[in-house]
Every structure is written in structure tokens, then in C-alpha cells.
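I set aside this page for what I look up in the structure, topic by topic. Each entry records what I looked for and what I found.

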Amino acid sequence: MHPTLTLFAAGSLRRAFLPLQSQFTAQTGIAVDITFGPAGLLRERIEEGETCSIFASANHQHPQALYEAGRAQKPRLFARNELILTVKNSPQTAGKEWLELLSDKALRLGTSTPQCDPSGDYTWQLFDHLDASYPGLGESLKRRAKQLVGGRDTLTLPPGVIASSWLLREGWADLFIGYAHYATALVGETDIRSVPIPAPWNIRCDYYVTLLEQSDAARQFLAIYSRGRRDSVVCATLVS
């Protein structure tokens, strides 16, 4: 009987890892149990003793902490992403670009949760970048931001939805800062739009993976991911 491979992965990797899950099992006979969620909270579960073979995080900090504690191998960079602004179309947002939208204090801004979720950490880094160029804007955004997802007591999303579009359509926010790769799934939508954040201010989001067990199955899973799933990776860039 084959063992089960247990994978903890950032929620933003769902569209990349789910197709690979069935492919890997079909090729090897090994079942893969994947838990998606905010990487900071997943790291805490590993530290509390939950079984995990592979940890794929949307940042370096969380797998590095496990490595330094002697729980995991040295993390490896495997993908990159960046941030984007998703906007609900309305007379108040029509025709506005990223800076004007973020500067409008009448618009409700949604984010993920810093420390619990790397998306929130990257968003706070964005605010710091903005504050350096537009004094006071970043600090104002930190005060305005509603941490709607990615935390211990934040909203629970319905299965399969994209956080930004669901939150905007349900009326929780007018704007949401999240990962840029989701923009491809929102092309053609009429009620929401994706607004790029220019490179001088945007944040590079580095994804790292680490092994928590020395097994051929874990190494094989990562090898198949790197070799055969480049066409379905949803992050901006897969790093070899």
C-alpha cells in the first residue's frame, strides 16, 4: 500500500497544484492530500505537530523559519508573482487608474492579513513604497485597509471562488489588493476589472518550497511540478 503525501500550500497555488494532484496519483499510485491556506497559519500548524511532507509558501519567511528550527530542508525559490488592484466597476471608479483609486478615501479598500498571510505582508510593503513617493499615502492606506481574508478570524470564502471578485461582488469592499495572476481569470468580466500597479511601486512576491520529509515521493512530486506543469502554473513566473 502506497503512503499518502501531505502537502501544505499557499491558497494562491490552488489552480497550479490541483491538476497536478490527480496527475501525480495516476502516475505513481500515491495519494496526495493538499491543504491550502494562508502560509503563516499553515506554518503554525506544522510547528504544532501536524504532518506535512511539502510546504509551498508564498514567501521565504515561513519555510525559512521551519528550516532554522531544524524541521525542514533549505527552502528553494520556485515561483514569482506580484500585486494587482481589483476594482468594482461603478460611477465612482470609472476611468480611474491605480493611484487615483487608492487615493480616493471614499472607496473601501480590502486586503489580506499581514503576518498570517504573505499577501497581506506584500501589501503592507506596497504601502511603504507608496509612502516614500507620496508622503502620507501609505500610512493612510494602512489605516483604511480592511483585512478581510487570510487571518484567524476573517471571512470564510465559499469553495472555488477568487477572493477579490467575491469580496467586491458581495459588497465587502470597492477595491482589493491581491496577487496579479488572478487577473487572467477575470478577463471578460463586466462588473469588475483588474488595474495594474506599475513596476516602480509594485512588489515582487517570491514563492518558496521546502521538504519536511526525506522521501522519494516528495522529491518526485516537486520534479513533476517543475518539469511538466509549466503551462498551468498560475504565478507570474516559474523559477527553475
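Strands here are DSSP runs of E, at least two residues long, numbered from the N terminus. The model I am working from is predicted.

**Entry 1: strand 7**

With that definition I placed Q147, which lies in strand 7. I looked up its accessibility next: Q147 is partly exposed, with a relative accessible area of 39%. Leaving aside neighbours within four places in sequence, I found Q147 in contact with T111, S112, T113, P114, W124 and T154. I also checked Q147 against G110: the two are 37 residues apart in sequence, and their C-alpha atoms are 6.1 Å apart.

K146 is in strand 7 too, a strand that covers residues 146-149. K146 has a relative accessible area of 37%, so I noted it as partly exposed. Its contacts, again without the neighbours within four places in sequence, are R108, L109, G110, T111 and W172. For G188, 42 residues away from K146 in sequence, I read a C-alpha to C-alpha distance of 27 Å.

**Entry 2: Q115**

I looked for a positive phi outside glycine and noted Q115, with phi near 75°. Q115 sits in the loop between strand 6 (109-112) and helix 5. Is Q115 buried or exposed? Its relative accessibility is 66%, so I entered Q115 as exposed.

**Entry 3: aromatic pairs**

How many aromatic pairs are there? I have eight in the count. I took F78 and Y207 up after that: their ring centres are 6.3 Å apart and the planes stand at 90°, so I wrote the pair down as edge-to-face. F78 belongs to strand 4 (residues 76-81) and Y207 to strand 10 (residues 205-211), so this pair ties together parts that are 129 residues apart in sequence. Both F78 and Y207 are buried.

The next pair I looked up was W98 with W201, which is tilted, at 5.3 Å centre to centre and 40° between the planes. W98 is in helix 4 (residues 98-103), and W201 is in the loop between strand 9 (192-196) and strand 10, so the pair ties together parts 103 residues apart in sequence. W98 counts as buried at 9% relative accessibility. W201 is buried as well, with a relative accessible area of 18%; the cut-off I needed for that call is under 20%.

I also noted a cluster, in which ring pairs link F78, Y122, Y179 and Y207.

**Entry 4: D206**

D206 lies in strand 10. Its relative accessibility is 14%, so D206 goes down as buried. Which residues does D206 touch, leaving aside its neighbours within four places in sequence? I listed A58, N59, H60, L77, A79, R80 and Y122. One of these, R80, is 126 residues from D206 in sequence, yet I read only a 4.6 Å separation, C-alpha to C-alpha.

**Entry 5: helix 2**

For helix 2 I listed the buried residues: A39, G40, L41, L42, R43 and I46. I then asked what they pack against, and found strand 1 (4-10), strand 2, strand 3 (54-57), helix 3 (61-68) and helix 5 (118-133). After helix 2 comes G49, with a positive phi near 110°.

**Entry 6: domains**

The chain is divided into domain 1 (5-79 + 206-228) and domain 2 (81-196). I read 27 Å between the C-alpha centres of the two domains. The contact takes 13 residues from domain 1 and 15 residues from domain 2.

**Entry 7: the largest pocket**

I looked up the largest pocket last, and its space comes to about 940 Å³. The lining has 39 residues, and those closest to the pocket centre are G11, S12, L157, A163 and Y182. Which classes make up the lining? I have 21 nonpolar, 14 polar and four charged residues.

I then checked where the lining comes from. Helix 1 (14-28), strand 2 (31-37), helix 2 (39-47), strand 5 (83-88), helix 7 (163-169) and strand 8 (175-179) each supply at least two residues. By domain, the lining draws at least three residues from each of domain 1 and domain 2.

How values were computed: Residues are numbered from 1 along each chain as its sequence is written. This is a predicted model: local features need pLDDT of at least 70, side-chain atom pairs count only at pLDDT 80 or more; totals for chains, interfaces and linings use all residues. Side-chain values use heavy atoms; hydrogens and water are left out. Rings of Phe, Tyr and Trp (its six-membered ring) pair if their centres lie within 6.5 Å; planes under 30 degrees apart count as stacked, over 60 as edge-to-face and the rest as tilted. Helices (H or I, at least four residues) and strands (E, at least two) are DSSP runs, numbered from the N terminus. Buried means under 20% relative accessible area, exposed over 50%, partly exposed in between (1.4 Å probe, protein chains only). Contact means heavy atoms within 4.5 Å. On a 1 Å grid over the protein atoms alone, a cavity is a set of points where a 1.4 Å probe fits but cannot get out, and a pocket is an open set with protein on both sides within 12 Å along at least five of seven lines; lining residues have an atom within 4 Å of a point. Grid points are joined across faces, edges and corners, and a volume is the space filled by probe spheres set on the points. Ala, Val, Leu, Ile, Met, Phe, Trp, Tyr, Cys and Pro count as nonpolar, Asp, Glu, Lys and Arg as charged, and the others, Gly among them, as polar. Domain bounds come from an automatic or database domain assignment.
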